[in-house]
Amino acid sequence: MGGFFYFIFIIAGCGKMSSVPDGKKLVRSPSGLRMVPENGAFNSPFSLDEPQWVPDKEHHCRRCGRCFCDKCCSKKVTLPRMCFVDPVRQCGECSRVSQKEMEFYDKQLKVLMGGGTFIVTLGTSEKSETMMCRLSNNHRYLFLDGESHFEVELSRISSMQVLTEESTPEENGIHTYTSLLDSQYISEGGNCRASGMLLHYKPMGSQDPKQLRMEAAEDKKTASSWLAAMHKAVLCDQISP
């Protein structure tokens with residue numbers, strides 16, 4: 001899947017798209033068994049479509065669909081972004097990319113679903129609310145829960161700004177990203193720690209940009225880990241070949 005992720009705010013009382021059942025089904029493709037949503041419209045935003053195979057009698061890489069000799073395409077690697085149940089044959093280049101993505105699936109995705117606590121401000125409002133923010137189990141929504149509740153569907157982002165705390169106060173700043181998978185310097189235990197973020201988005205049916213501000217609450221370590229995982233989630237397909 002290419003393109004940007006965007007965020008749409010669905011205020012409670014206006015209907016929750018996340019209440020749609022997330023049924024799964026097991027399908028067999030030329031590449032192997034896949035566990036996919038019954039309704040393709042509810043695929044995870046981190047998933048990839050299977051490629052069209054190049055016509056040939058040689059071995060095919062299950063990720064890129066190109067042909068290789070047995071030696072160059074003998075390694076079987078897990079490929080969760082295509083929902084494969086078992087490891088599948090991949091070329092050297094694709095296997096390295098898939099192994100790199102496994103860190104996101106094994107670590108960051110679990111952190112996002114575990115959630116973090118933030119002080120949330122909508123737009124230019126002077127009113128803020130302490131909320132637990134977490135990614136839904138189907139990876140399609142950001143849930144924010146406090147005294148109120150609302151959901152963010154990953155579908156209309158325009159930019160994301162990361163607020164950071166440096167090793168010295170005078171170095172604190174804001175860094176703007178549209179692709180964050182390779183932003184190595186914002187990490188747990190480093191000199192630069194993420195302390196919050198600004199999400200800029202266009203609500204459904206509107207072309208006017210809106211803003212959501214999230215700042216780490218009391219548990220700054222957990223919040224910083226959640227933000228670091230969020231950096232990896234934005235435009236996950238940027239590390240694809």
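## A walk through the predicted chain, starting at Thr-117

Not counting residues up to four places away in sequence, Thr-117 touches Thr-130, Met-131, Met-132, Ala-216, Ala-217 and Ala-223. The model is a predicted one, and within it Thr-117 belongs to strand β8, which spans residues 116–122. Thr-117 counts as partly exposed because its relative accessibility is 27%, a value that lies between the 20% limit for buried residues and the 50% limit for exposed ones. Thr-117 can also be placed relative to Cys-133: the two are 16 residues apart in sequence, while their C-alpha atoms are 6.2 Å apart in space.

For the chain as a whole, the secondary structure comes to 2 helices and 15 strands. The chain has 241 residues, and buried residues make up 46% of them. Of the contacts between residues at least 6 apart in sequence, 55% join residues at least 24 apart.

From here the path leads to the nonpolar interior. In soluble globular proteins, nonpolar side chains tend to be buried together. The largest nonpolar core in this model has 31 residues, and those with the most contacts inside it are Leu-112, Phe-118, Val-120, Leu-144, Met-197, Met-214 and Trp-226. Helix α2 gives the most to this core, with 6 residues, and the core draws at least three residues from each of domain 1 (59–111) and domain 2 (115–165 + 192–239). Val-120, taken as one example, is in contact with Lys-127, Ser-128, Glu-129, Met-131, Cys-133, Leu-144, Leu-212, Arg-213 and Met-214, once its neighbours within four places in sequence are left aside. A second core, separate from this one, has 5 residues and includes Leu-48, Leu-79, Met-82 and Phe-84.

Helix α2 itself runs over residues 220–233, and its 14 residues reach 20 Å from the first C-alpha to the last, close to the 20 Å expected at 1.5 Å a residue. The helix is mostly covered, with 11 of its 14 residues buried. Among the buried residues of α2 are Ala-223, Trp-226, Leu-227 and Met-230, and the list also includes Ser-224, Ser-225, His-231 and Lys-232. Two of these names have appeared before, since Ala-223 is touched by Thr-117 and Trp-226 is one of the residues with the most contacts inside the largest core.

The aromatic residues offer another way through the model, which holds 4 aromatic pairs. The ring centres of Tyr-141 and Phe-143 are 6.3 Å apart and their planes meet at 20°, so this pair is stacked; an angle under 30 degrees is what the term requires. Tyr-141 and Phe-143 are both buried. Elsewhere, ring pairs link Phe-46, Phe-104 and Tyr-105 into a cluster. Phe-84, named above as part of the second core, has Arg-34 lying over its face, at 5.8 Å from the ring centre.

Two residues stand out by their backbone angles. Cys-83 has a positive phi of about 65° although it is not a glycine, and it is found in the loop between β6 (75–77) and β7 (88–90). With a relative accessibility of 21%, Cys-83 counts as partly exposed. His-139 likewise has a positive phi, near 70°, in a residue other than glycine. The loop that holds His-139 lies between β9 (128–135) and β10 (141–145), and at 13% relative accessibility His-139 counts as buried.

The last stop is a group of cysteine and histidine contacts. Cys-91 is found in the loop between β7 and α1 (92–114), where it is buried, with a relative accessible area of 2%. Beyond its neighbours within four places in sequence, Cys-91 is in contact with Cys-61, Cys-64, Arg-66, Phe-68, Cys-72 and Cys-73. Arg-63 is 28 residues from Cys-91 in sequence and 8.2 Å from it in space, C-alpha to C-alpha. His-60, in strand β4 (residues 59–60), is also buried, at a relative accessible area of 5%. With neighbours within four places again left aside, the contacts of His-60 are Trp-53, Val-54, Gly-65, Arg-66, Cys-67, Cys-73 and Arg-89. Arg-66 and Cys-73 are thus in contact with Cys-91 and with His-60.

Conventions
Residues numbered from 1 in each chain as written. Predicted model: local features only at pLDDT ≥ 70, side-chain atom pairs only at ≥ 80, totals over all residues. Heavy atoms only, no water. Phe/Tyr/Trp six-rings, centres within 6.5 Å; stacked < 30°, edge-to-face > 60°. Buried < 20%, exposed > 50% of the residue type's maximum accessible area, 1.4 Å probe, protein only. Lys NZ or Arg CZ within 6 Å of the ring centre and 35° of its normal. Helix = DSSP H or I, 4+ residues; strand = E, 2+ residues; numbered from the N terminus. Expected span 1.5 Å × (residues − 1). Core = buried A, V, L, I, M, F, W, Y, C linked by side-chain atoms within 4.5 Å. Domains from an automatic or database assignment. Contact = heavy atoms within 4.5 Å.
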